[in-house]
Amino acid sequence: MVLQLWDTIKDSITAYTGLSPATFFTVVALALAFYYVVSGLFGSSDHGHHQRSRDFEEQMQPLPPPVQLGEITEEELKEYDGSDPKKPLLMAIKAQIYDVSQSRMFYGPGGPYALFAGKDASRALAKMSFEEKDLTGDISGLGPFELEALQDWEYKFMSKYVKVGTIKQAVPVTEGAANGESVEATDREAKPAEDGASASAKPLEDDVPSESVVAETVDKSDVDVDKKD
């Protein structure tokens with residue numbers, strides 16, 4: 001029965017397709033393989049498209065309003081470099097801190113300017129440098145063209161981003177101020193010593209007899225001598 005069915009199928013394949021049964025089944029196998037390859041490619045592409053759509057929707061979500069931080073240190077500013085997605089993305093120019101969260105694709109992790117985030121990058125922006133040594137707010141020694149470039153960056157940030165704070169500047173102690181403090185301290189130490197010396201000298205002055213007392217003693221001595229005579 002099975003053999004008869006198989007012979008009937010072979011005859012039908014040959015009659016309708018003009019191919020031998022072996023050739024027919026080879027063509028069918030190749031067609032199935034091609035279908036699975038193509039469906040896999042389109043399926044992964046569709047999955048990637050959905051993933052990119054979700055990422056784009058996340059980026060397009062409204063950002064929270066900027067939070068004013070006031071005056072903070074450079075170490076505190078480093079906490080806003082984009083490593084924590086729950087915190088705003090901040091950057092400073094000339095000690096003025098700006099919220100650049102809306103440009104996370106540029107200043108956030110993986111962006112072309114990510115190394116500027118969480119820092120005062122004034123010197124690096126003026127020189128258009130990506131070196132670690134230039135990631136500082138020190139702009140001393142810059143030329144006029146570099147200062148002009150930095151001014152352009154500052155205008156751009158002022159017009160595009162919200163200022164949320166400033167960097168706390170450390171006040172250096174000058175040598176003159178330190179010397180003045182030491183002199184005052186020396187004067188304060190010397191003053192009690194002088195007071196002590198004057199206090200110890202005063203009783204000695206009180207012990208010295210006055211001129212009137214000496215004169216009275218001499219007069220009494222002369223009277224006693226006259227009486228004896």
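Buried means under 20% relative accessible area, exposed means over 50%, and partly exposed is what falls in between. Keep in mind that this is a predicted model.

Q: Is L32 buried, partly exposed or exposed?
A: L32 sits in helix α2, which covers residues 21-60. Its relative accessibility is 48%, and the class between 20% and 50% is the middle one. So L32 counts as partly exposed.

Q: What is the accessible area of the nonpolar patch that V28, L32, Y35 and Y36 form together?
A: Patch members need over 30% relative accessible area, and L32 has 48%. L32 joins V28, Y35 and Y36 in a nonpolar patch on the surface. Together the four have an accessible area of about 450 Å².

Q: How many aromatic pairs are there?
A: Ring centres have to lie within 6.5 Å to make a pair. By this rule the count comes to eight.

Q: Y113 and F130 form one aromatic pair, so is it stacked, tilted or edge-to-face?
A: The ring centres of Y113 and F130 are 6.2 Å apart, with 15 degrees between the planes. Planes under 30 degrees apart go in the stacked class. So the Y113 and F130 pair is stacked.

Q: How many residues apart are Y113 and F130?
A: Y113 is in the loop between α4 (104-107) and α5 (122-127). F130 is in the loop between α5 and α6 (144-160), so the pair links distant parts of the chain, by the helix runs used here. The separation is 17 residues.

Q: Which class of accessibility do Y113 and F130 fall into?
A: Y113 has 24% relative accessibility, and F130 has 44%. The class between 20% and 50% takes in both values. Y113 and F130 each count as partly exposed.

Q: Which residues do ring pairs link into a cluster?
A: Y113 and F130 form an aromatic pair, and both belong to the cluster. The full list is Y98, Y107, Y113, F116, F130, W153, F157 and Y161.

Q: Which residue lies over the face of Y80?
A: A Lys NZ has to be within 6 Å of the ring centre to count. Here the distance from the ring centre of Y80 is 5.6 Å. The residue is K87.

Q: Is A95 buried or exposed?
A: A95 is in the loop between β2 and β3, and its phi is positive, near 70 degrees, although A95 is not a glycine. K94 lies in that loop too, with a positive phi of about 55 degrees. K94 has 33% relative accessibility and counts as partly exposed. A95 has 12%, which is under 20%, so A95 counts as buried.

Note on methods:
Residues numbered from 1 in each chain as written. Predicted model: local features only at pLDDT ≥ 70, side-chain atom pairs only at ≥ 80, totals over all residues. Heavy atoms only, no water. Phe/Tyr/Trp six-rings, centres within 6.5 Å; stacked < 30°, edge-to-face > 60°. Helix = DSSP H or I, 4+ residues; strand = E, 2+ residues; numbered from the N terminus. Buried < 20%, exposed > 50% of the residue type's maximum accessible area, 1.4 Å probe, protein only. Lys NZ or Arg CZ within 6 Å of the ring centre and 35° of its normal. Patch = residues over 30% accessible without salt bridge, like charges linked within 9 Å, V, L, I, M, F, W, Y side chains within 5 Å. Areas by Shrake-Rupley, 256 points an atom, 1.4 Å probe, with all protein chains shown as cover. Salt bridge = Lys/Arg side-chain N within 4 Å of Asp/Glu carboxyl O.
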